[in-house]
Amino acid sequence: AENFKPLIPDAVKGGDVLFVFKNNALDMHKYAKTAALAARAAHLQGKFWDFHDKLFDNMRVLKDDDTYTGIAAGLDLDAARFASDRASDAVVKRVEAESAIAFELEAKGTPSFFINGKKQVGWGSAQGLARMIDREKAAVEKLMAGGKSREDALKERITLNSEKPE
């Protein structure tokens, strides 16, 4: 997670990149769902990214509830609300829906990135991810210079890059 912190704000600056995060609570990781529920509960108090980063910093000790409540306390989250939100039907359904999306997209690892439909599974490097983004931005700009609207250019790139174009 540390490697990508500088990249995301730079990439989003100017509105060139839309960054969307979805939980992918893989069954093979027995703590993935509890971590996703806790991160979603933190999101409801405006602390998703802070919580997310702490989860990755402490990923080897996610096995007990004390880890999540300790992170929440360290971020000054309302403890009662955090506990309630983690167990709420809305949070559970949201995490399950996001995992279903990841399954449908065949995002079989974490992290998985989709850059205009092109899948990248695994961390790779911040520089590699930045190059992929730059190539896609250039391809979209080229299509726009040829007369396509931004929306049509993006749709064309996504279709071209997708493993399963629709």
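Student: Is F21 buried, partly exposed or exposed?
Tutor: Keep in mind that this is a predicted model. Buried would need under 20% relative accessible area and exposed over 50%. F21 has a relative accessible area of 30%, so F21 is partly exposed.

Student: How are the rings of F21 and W49 arranged?
Tutor: A search of the whole structure turns up four aromatic pairs. In the pair of F21 and W49, the ring centres lie 5.4 Å apart, and the planes stand at 80 degrees. Planes over 60 degrees apart count as edge-to-face, so the name for this pair is edge-to-face.

Student: Where do F21 and W49 sit, and how many residues apart are they?
Tutor: The pair of F21 and W49 links distant parts of the chain. F21 is in the loop between α1 and α2, while W49 belongs to helix α3. The separation is 28 residues.

Student: Which residues form one aromatic cluster with W49?
Tutor: W49 itself is partly exposed, because its relative accessible area is 39%. One cluster partner is F48, a buried residue of helix α3. The residues that join W49 in the cluster are F21 and F48.

Student: Which helices help cover the buried residues of α3?
Tutor: Helix α3 runs over residues 48-57, and its buried residues are F48, F51, H52, D53 and L55. Their cover includes three helices, at residues 32-43, 65-74 and 79-87. Those are α2, α4 and α5.

Student: What arc do the buried residues of α5 fall within, seen down the axis?
Tutor: The buried residues here are F82, D85 and R86. Looking down the axis of α5, you'd find that they line one face of the helix, because they fall within an arc of 100 degrees.

Student: Which residues are exposed on the other side of α5?
Tutor: The buried face of α5 holds F82, D85 and R86, and its cover includes α2, α3, α4 and α6. Turn to the other side of α5, and the exposed residues there are A80 and A87.

Student: Which side chain reaches the backbone nitrogen of A80?
Tutor: Look at the start of α5. A side-chain oxygen comes to within 3.1 Å of the backbone nitrogen of A80. That oxygen belongs to D78.

Student: Which residue forms a salt bridge with R81?
Tutor: Side chains of opposite charge can pair when their charged atoms come close. R81 has a partner in helix α5, four residues away, about one turn of the helix. The closest N and O atoms of the two are 3.3 Å apart, and the partner is D85.

Student: Which of R81 and D85 is buried?
Tutor: R81 counts as partly exposed, because its relative accessibility is 40%. The other residue has 14%, so the buried one is D85.

Student: How many residues apart are K155 and E151?
Tutor: Their side chains meet in a salt bridge, at 3.1 Å from N to O. E151 is exposed, with a relative accessible area of 51%, whereas K155 is partly exposed at 48%. Both lie in helix α8, and the spacing, about one turn of the helix, is four residues.

Student: What is the N to O distance between K148 and E156?
Tutor: K148 is partly exposed, with 36% relative accessible area, and E156 is partly exposed too, at 33%. Their side chains meet in a salt bridge, with an N to O distance of 2.9 Å.

Student: And how many salt bridges does a search of the whole structure find?
Tutor: Among them are the bridges of R81 with D85 and K148 with E156. The search of the whole structure gives a total of six.

Note on methods. Residues numbered from 1 in each chain as written. Predicted model: local features only at pLDDT ≥ 70, side-chain atom pairs only at ≥ 80, totals over all residues. Heavy atoms only, no water. Buried < 20%, exposed > 50% of the residue type's maximum accessible area, 1.4 Å probe, protein only. Helix = DSSP H or I, 4+ residues; strand = E, 2+ residues; numbered from the N terminus. Contact = heavy atoms within 4.5 Å. Salt bridge = Lys/Arg side-chain N within 4 Å of Asp/Glu carboxyl O. Arc of directions from axis to C-beta. Polar contact = N/O pair within 3.5 Å; in protein donor to acceptor, adjacent residues only side chain to side chain. Phe/Tyr/Trp six-rings, centres within 6.5 Å; stacked < 30°, edge-to-face > 60°.
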